[in-house]
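Let's take a friendly walk through a few local features of this model, residue by residue and helix by helix. Keep the coordinates open in your viewer as you read.

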Amino acid sequence: MLDRSTIKKLAAEAGFDLCGVAPCRRLADGERRFREWLGRGCQASLGYLERNAEKRFDPRLLVEGARTAVVCAVGYKNSAGEGYPAGHRAKVASYACTRDYHDTIRAMLARLFAELKALHPDLGGRCFVDTAPLAEKLWAVEAGLGWIGRQSLLVTPRLGTYVLLGELLLCDETESYDAPFEGSRCGECRNCVDTCPTGAVAENRTIDARRCISCHTIEREPAEGIDLDGWIFGCDTCQSCCPYNRRAPLHANRAFDPLFDPAAMTPADWLAMDEKEFSARFGSTPLTRSGLQRIQQNLNKENE
């Protein structure tokens, strides 16, 4: 049997700011609401969300023998997350200013898992960083890390929404589990709903990807375009206006130091760039997901 306090200690040593532990089970209510969201077509071009829906809400179907979900979070807030000067037309989501978090968090989880296996040699399990069908935000709520805000993101009391998640599904129980986070602390605040320039933040704490700027700048393009509001990769509008993010500290883990300052770059800087320069400057960042051509295409749309 695993020790919850040991797991949290090792998670902190691996570089995580938050860690919670929950028993693996089926989140039936979450699955129901997710299927209703799919039924409304809100996934837009994100067709992969339609696959393996049952696994997202029952990790025992994802990892045979899974008994415990260890949910870890690390803060990544940087200056870009505090907003851009008025009129800036080459905005980049703050998470994309650092080394690709998939690589960073995967290494942190691997270290945590190795330390646990050193204590429990027969321990089975797997690491996940948002590329697998796992409803990680809901599992973070189950593990007591925070609540789902009006903009559909996990909100943590201390770090706001500027957190990245990683999970370990372990094939053993712990001696105790964290209590799920109860309720919401958004109060009457509607900043994220009212500030979204395209109306993508719905009243039921979901996002309509058909109108989401982040989806329109990165994913397969939907049939109809929208005003990108100066964003060329992702969008932080519904986060930078959140009171919890305004008072959240900047990131503590140096692995999430920004590699460039998008506020210092103009549309002309991006449009003049070639593939060689783009690869040299941004090859280790999430910007490679869309690539230079798509970024320049987004900029050209802004100037149409």
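N298 counts as buried, at 0% relative accessibility; buried here means under 20% relative accessible area, exposed means over 50%, and partly exposed is in between, with a 1.4 Å probe and protein chains only. This is a predicted model, in which local features need pLDDT of at least 70 and side-chain atom pairs count only at pLDDT 80 or more, while totals for chains, interfaces and linings use all residues. Residues are numbered from 1 along each chain as its sequence is written, and side-chain values use heavy atoms, with hydrogens and water left out.

**Around N298**

You will find N298 in helix α12, residues 291–302. Helices (H or I, at least four residues) and strands (E, at least two) are DSSP runs, numbered from the N terminus. Not counting residues up to four places away in sequence, N298 touches H216, T217, L228 and I232, where contact means heavy atoms within 4.5 Å.

One of those partners, H216, also turns up in the surroundings of R211: beyond four places in sequence, R211 touches T198, G199, A200, H216 and I226. R211 itself sits in the loop between α6 and α7, and R211 is partly exposed, with a relative accessible area of 37%. L228, another partner of N298, is 17 residues from R211 in sequence, and their C-alpha atoms are 9.9 Å apart.

**The pairing of α1 and α4**

How do the axes of α1 and α4 lie relative to each other? Helix α1 (residues 4–13) and helix α4 (residues 101–119) pack at an angle of about 140 degrees, and their axes are 9 Å apart. The axes are lines fitted to C-alpha atoms, for helices over the stretch in contact, and the angles run from 0 to 180 degrees between N-to-C directions. The two helices are therefore oblique to each other: angles under 35 degrees count as roughly parallel, over 145 as roughly antiparallel, 65 to 115 as roughly perpendicular, and the rest as oblique.

On the α1 side, T6, I7, L10, A11 and E13 take part, and they meet R111, L112, E115, L116 and L119 in α4. Sorted by class, this contact holds six nonpolar, one polar and three charged residues. For that count, Ala, Val, Leu, Ile, Met, Phe, Trp, Tyr, Cys and Pro are nonpolar, Asp, Glu, Lys and Arg are charged, and the others, Gly among them, are polar.

Now for α4 on its own. With 19 residues, α4 reaches 27 Å from its first C-alpha to its last, close to the 27 Å expected at 1.5 Å a residue; the expected span is 1.5 Å times one less than the number of residues. Which residues of α4 are buried? They are Y101, H102, T104, I105, M108, L109, L112, F113 and L116. An α-helix has 3.6 residues a turn, so residues three or four places apart point the same way. The cover over the buried residues of α4 includes α1, β2 (68–75), β4 (125–128) and β7 (163–170).

**K8 and L18**

K8 belongs to helix α1 and is partly exposed, at 29% relative accessibility. Setting aside neighbours within four places in sequence, K8 is in contact with C19, G20 and D178. V21 is 13 residues from K8 along the sequence, with 8.6 Å between their C-alpha atoms.

L18 is in strand β1 (residues 18–23) and is buried, with a relative accessible area of 17%. Beyond four places in sequence, the contacts of L18 are V71, C72, A73, L145, T156, R158 and L159.

**Loop residues**

Two residues here have a positive phi although neither is a glycine: A44 and D229. The table puts them side by side.

| Residue | Loop between | Phi | Relative accessible area |
|---|---|---|---|
| A44 | α2 (28–39) and α3 (53–56) | about 50 degrees | 30%, partly exposed |
| D229 | α7 (213–218) and β8 (231–233) | about 55 degrees | 25%, partly exposed |

R190 is also a loop residue, placed between β7 and α6 (191–195). With a relative accessible area of 30%, R190 is partly exposed. R190 touches R150 and E203, not counting residues up to four places away in sequence. R190 and R150 are 40 residues apart along the chain, and their C-alpha atoms are separated by 7.5 Å.
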